[in-house]
Amino acid sequence: MFGTLLKRRERTLERTVVEIQRGNEALRNELIRQYKPFIVKTVSSVCKRFIHEEDDEASIGLIAFNEAIEKYALHKGGSFLSFAELLIKRRLIDYIRKEVRMREAIWHVEDGENGEQAAQTYVDAKLSVEEFYRQIEQEQRREEILHYQQVLKQFGIHFHDLVEQSPKHKDARLNAIRVAQLLVENEHLVHLLFQKKQLPIKQLEAMASVSRKTIERNRKYIIAIAVILAGDYIYLKDYIKGVLSS
């Protein structure tokens, strides 16, 4: 028997997840059982009400937690719980949006049947839902940034470094982003980046059409972009799309 995971001090939570990914299904069940309170708490924070384990929303959270176990990449840094929390909230929001679309269809039918009162109910509900989306997306953006900040610290990079050392000219930023894209497209280089917490400058110089000096000068910015591209950052990836399309 496994006993309690907390008693196995030599095994971190992240290492436990890696062992599950290697096929330890009994350990998966034990981990999910122990973290049910965390899952329910995370789901409740999105729904703004207490959620019971038998509720549909709790089931969505359990499925998302299990998905996080499958998708978590130890070598990319960041805590498993931070990653799992992001994924649970994301999947729950998807579920809520689907439910809202179904209700909107019902409201449209009621609008035709019951007149002005149903129409006003529909408008009020829609405005409430839109405000809920705005609040949740703001929270998701904030949590993405906090998770991203934790990973960057492992490379010795802080946000004020990026403000001070990011390329000032558009062409220089685009070149740095392209170097980061080349890195992320190479699985071996991604592994080196997260394992050694250093930019594989020599290999990138051979692949990219920019000088070693340019890569070194923009080292922190390239790392920061590569971390976003290699990670599960929906909102931060929008920033990169904006730079590329501007």
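**Cavity and overall fold of the predicted model**

The largest cavity holds about 30 Å³ of space. The model in which this cavity occurs is predicted, and one cavity of 30 Å³ or more is present in the structure. Its lining is made up of Asn 175, Ala 176, Val 179, Val 210, Thr 214, Ile 215, Asn 218 and Ile 222. Two helices, H8 (170-184) and H11 (212-217), each provide at least two of the lining residues. The largest share belongs to H8, with three residues. In terms of residue class, five of the lining residues are nonpolar and three are polar, while charged residues are absent from the lining.

The chain contains 13 helices and zero strands; read from the N terminus, the order of elements is accordingly α-α-α-α-α-α-α-α-α-α-α-α-α. Of the 246 residues in the chain, 44% are buried. The exposed surface of the chain amounts to about 14,300 Å², of which carbon and sulfur atoms supply 52%. When contacts between residues at least 6 apart in sequence are considered, 64% join residues that are at least 24 apart.

One annotated segment was also examined. An unreviewed UniProt entry lists residues 56-69 as "short sequence motif: Polymerase core binding". In the predicted model, the chain over residues 56-69 is 100% helix and 0% strand. The C-alpha atoms at the two ends of this segment lie 20 Å apart.

Methods: Residues are numbered from 1 along each chain as its sequence is written. This is a predicted model: local features need pLDDT of at least 70, side-chain atom pairs count only at pLDDT 80 or more; totals for chains, interfaces and linings use all residues. Side-chain values use heavy atoms; hydrogens and water are left out. On a 1 Å grid over the protein atoms alone, a cavity is a set of points where a 1.4 Å probe fits but cannot get out, and a pocket is an open set with protein on both sides within 12 Å along at least five of seven lines; lining residues have an atom within 4 Å of a point. Grid points are joined across faces, edges and corners, and a volume is the space filled by probe spheres set on the points. Helices (H or I, at least four residues) and strands (E, at least two) are DSSP runs, numbered from the N terminus. Ala, Val, Leu, Ile, Met, Phe, Trp, Tyr, Cys and Pro count as nonpolar, Asp, Glu, Lys and Arg as charged, and the others, Gly among them, as polar. UniProt positions are given in the numbering used here, feature names are shortened, and annotations may be inferred rather than shown by experiment. Buried means under 20% relative accessible area, exposed over 50%, partly exposed in between (1.4 Å probe, protein chains only). Contact means heavy atoms within 4.5 Å. Accessible areas come from the Shrake-Rupley method with a 1.4 Å probe; for residues, only the protein chains shown count as cover.
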